[in-house]
Amino acid sequence: MAEHWYKNAIVYCLDVRTFADGNGDGTGDFVGLGRKLDYLRGLNVDCVWLQPFFPSPMRDNGYDIVDYYSVDSRTGTLGDFVEFSRRARESGMHVMVDLVVNHTSVEHPWFQAARNDPHSPYRDYYVWKEDKPDDADQGMVFPGEQHTTWTWDREAKAYYYHRFYDHQAELNIANPAVVREIEKIVGFWLQLGVTGFRIDALPFLIELKGLEVEGERDPHRYLRELRHHAQTLCGEVCLMAEANLTPEEVPDYFADGDMIHMSFNFWVNQHLFLALARGDATPIREAYAELPPLPKWCQWNNFLRSHDELDLGRLTDAEREEVFRAFGPDDDMQLYGRGIRRRLAPMLGNDRRRIELAHSLLLTLPGTPVLRYGDEIGMGDDLSLPARESVRTPMQWNDEPNGGFSSAAPDRLALPPIADGEFGYRTVNVQAQRRDPDSLLNWLERALRRRKECPEFAFGECTWIDTDQPQVLAQRFELGDSTCFVVHNLGSKRVKFLLPVGRGEHLHDVLAFHRHEVEEKGHFRLELEPYGYRWLRRGPAD
């Protein structure tokens, strides 16, 4: 069912500027990315999610946009994008782009027109106040870097609203002209072959803070309008939301299945790392139990790491400290008092067992897996870089200068690659791992293939199995006549238990291709090594 392709997809997130440089100028581009499509196809990727590549002053990694209808010249041309998009589709991959319409750069022509003329039609594209609101020192997204959400503009002689940095002015979603502009942006990129949008900072996009109409209508209604518009233009479009939701907020974003298609599961992500820190699966089960069921054709996005910090803001203070102690004990590893600015492999001590366990969880928890570029080879981080830049270093392709990312001189690179230590490109790179059949890259490639061959994980009904072992997470997936079982040992000690699977059956080990007989009483005796995992499919009795 093409319109539901996202339910059983493998999504791969990358930044064009740091993935592959095709012309040797030090910045990744669409020519370089196009040359890596065979690599992505070989990795069993179904959808390539591109972080912002639009013209930008680059004061916030491209999330400060000055033109929604073009491509940053450092990454190529619109023609280069169209060629990449065409080749991706021919390779069987969908292309998803960031829809960053919560705010624009203050250098955007809309804002320049708005600040220069109070009678400009663009004035109402933004949110203004003559007097600074009393709560201007509240609600900052980047506490410590921001001190207010309202900034005085000398030219406009008024305060403008910004949830993020003061160089990112908030768009006024209550203005029909802004709504129409967003529709045009969506339509433009759909015409160029895009079939998905990751909607940046969605809760902030639809809020009506500071507006005269605040409280007079449900802002979530806009999601239904956006979904209708996008799906009218492209039946297989997918809207993927960045929304750090509490369980109580979930229905407001999915409704009856006619708003967003998918949303990042921040709630489970944060409790997953709490579970890994404790070696106890209980937080994962409790997190899912707290989430309401989704409409049939909606989906969660599961992820381990992203281009931002590991946000732990939904945990209690005590729980957050547990995760800090386990994965980010030093002050320079933490960010904004709520998150960790590290890559997955160093967080897990570069322990192959724990890295595999984490990815096995990613691939089998209810939802669509989203991979971060470089995690498939266990890339590290550079804590000498500021804030979130630590996890945004260039892709490491081989052991040549700059890790094969670019032939440019080091001082011309978008960001410096990791050169030294156990995560340096001479040690950790795609080329070396391709040659090693037991490498993390080859293991993950096989695991992704098997994940795609198990539609039970994407479309089946998931139930949790009690094993009386708190460190074990056990699930049953049922789809039609097929049943799969997944078990993970989050603990550091070997564990034995009985798994109830049904009478007179045998089990196929999906990853190891082994067949196991089930005991007469319908239980399978399992022994899991520390950080061990099994994917099992039930077969009929002989």
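Asn 350 lies in the loop between helix H12 (344–347) and H13, and in this predicted model Asn 350 is partly exposed, because its relative accessible area is 32%, a value that falls between the 20% limit for buried residues and the 50% limit for exposed ones. The backbone of Asn 350 also deserves attention, since the residue has a positive phi of about 55 degrees although it is not a glycine. Most residues other than glycine have a negative phi. Tyr 531 is another residue with a positive phi, of about 60 degrees, and it too is not a glycine. The place of Tyr 531 is in the loop between strand E23 (523–528) and strand E24 (533–539), where Tyr 531 is buried, because its relative accessible area of 13% is under 20%.

From the loop that holds Asn 350 we can move into helix H13 (residues 352–364), whose axis comes within 11 Å of the axis of H15, the two crossing at roughly 20 degrees. Because this angle makes H13 roughly parallel to H15, the reader can follow both helices in the structure with their N-to-C directions in mind. The crossing of H13 and H15 is right-handed. On the side of H13 the contact is made by Arg 352, Ile 355, Glu 356, His 359, Ser 360 and Leu 363, while H15 contributes Leu 440, Trp 443, Leu 444, Ala 447, Leu 448 and Arg 451. Sorted by class, this contact of H13 with H15 has 7 nonpolar, 2 polar and 3 charged residues.

Helix H15 (residues 440–452) also contains Asn 442, which is buried, because its relative accessible area is 14%. Apart from its neighbours within four places in sequence, Asn 442 is in contact with Gln 433, Arg 434, Asp 436 and Pro 437. Arg 450 is likewise found in helix H15, and because its relative accessibility is 18%, Arg 450 counts as buried. If residues up to four places away in sequence are not counted, Arg 450 touches Val 510, Leu 511, Phe 513 and Trp 535.

Helix H9 can be followed through its packing with two other helices, H10 and H11. Helix H9 (residues 266–278) and helix H10 (residues 282–290) have axes 8 Å apart and pack at an angle of about 160 degrees, and H9 and H10 are therefore roughly antiparallel to each other. Their crossing is right-handed. In this contact, Trp 267, Val 268, His 271, Leu 272, Leu 274, Ala 275 and Arg 278 of H9 meet Pro 283, Ile 284, Ala 287, Tyr 288 and Glu 290 of H10, and by class the contact of H9 with H10 has 9 nonpolar, 1 polar and 2 charged residues.

The axes of H9 and helix H11 (residues 317–327) come within 9 Å and cross at roughly 60 degrees, so that H9 and H11 are oblique to each other. H9 passes H11 in a left-handed crossing. Here the contact is made by Phe 273, Leu 274, Leu 276, Ala 277 and Arg 278 of H9, together with Glu 319, Glu 322, Val 323, Ala 326 and Phe 327 of H11. By class, the contact of H9 with H11 has 7 nonpolar, no polar and 3 charged residues. Leu 274 and Arg 278 of H9 are named in the contact with H10 and again in the contact with H11.

Helix H5 (residues 176–191) offers a check on helix length, because at 1.5 Å a residue its 16 residues should span 22 Å, and its end C-alpha atoms are 23 Å apart, which agrees. The buried residues of H5 are Val 178, Val 179, Glu 181, Ile 182, Glu 183, Ile 185, Val 186, Gly 187, Trp 189 and Leu 190. These buried residues pack against several elements, among them helix H3 (78–90), strand E3 (94–99), helix H4 (109–116) and helix H7 (221–233).

Finally, Asp 64 takes its place in the loop between strand E2 (47–50) and H3, and Asp 64 is buried, because its relative accessible area is 0%. Leaving aside neighbours within four places in sequence, Asp 64 is in contact with Pro 55, Ser 56, Pro 57, Met 58, Arg 59, Ser 105, His 167 and Gln 168. The C-alpha atoms of Asp 64 and Ala 169 are separated by 9.1 Å, although the two residues are 105 residues apart along the chain.

Note on methods: Residues are numbered from 1 along each chain as its sequence is written. This is a predicted model: local features need pLDDT of at least 70, side-chain atom pairs count only at pLDDT 80 or more; totals for chains, interfaces and linings use all residues. Side-chain values use heavy atoms; hydrogens and water are left out. Axes are lines fitted to C-alpha atoms, for helices over the stretch in contact, and angles run from 0 to 180 degrees between N-to-C directions. Helices (H or I, at least four residues) and strands (E, at least two) are DSSP runs, numbered from the N terminus. Angles under 35 degrees count as roughly parallel, over 145 as roughly antiparallel, 65 to 115 as roughly perpendicular and the rest as oblique. A crossing is left-handed if the near helix is turned anticlockwise from the far one by less than a right angle, and right-handed if clockwise. Contact means heavy atoms within 4.5 Å. Ala, Val, Leu, Ile, Met, Phe, Trp, Tyr, Cys and Pro count as nonpolar, Asp, Glu, Lys and Arg as charged, and the others, Gly among them, as polar. The expected span of a helix is 1.5 Å times one less than its number of residues. Buried means under 20% relative accessible area, exposed over 50%, partly exposed in between (1.4 Å probe, protein chains only).
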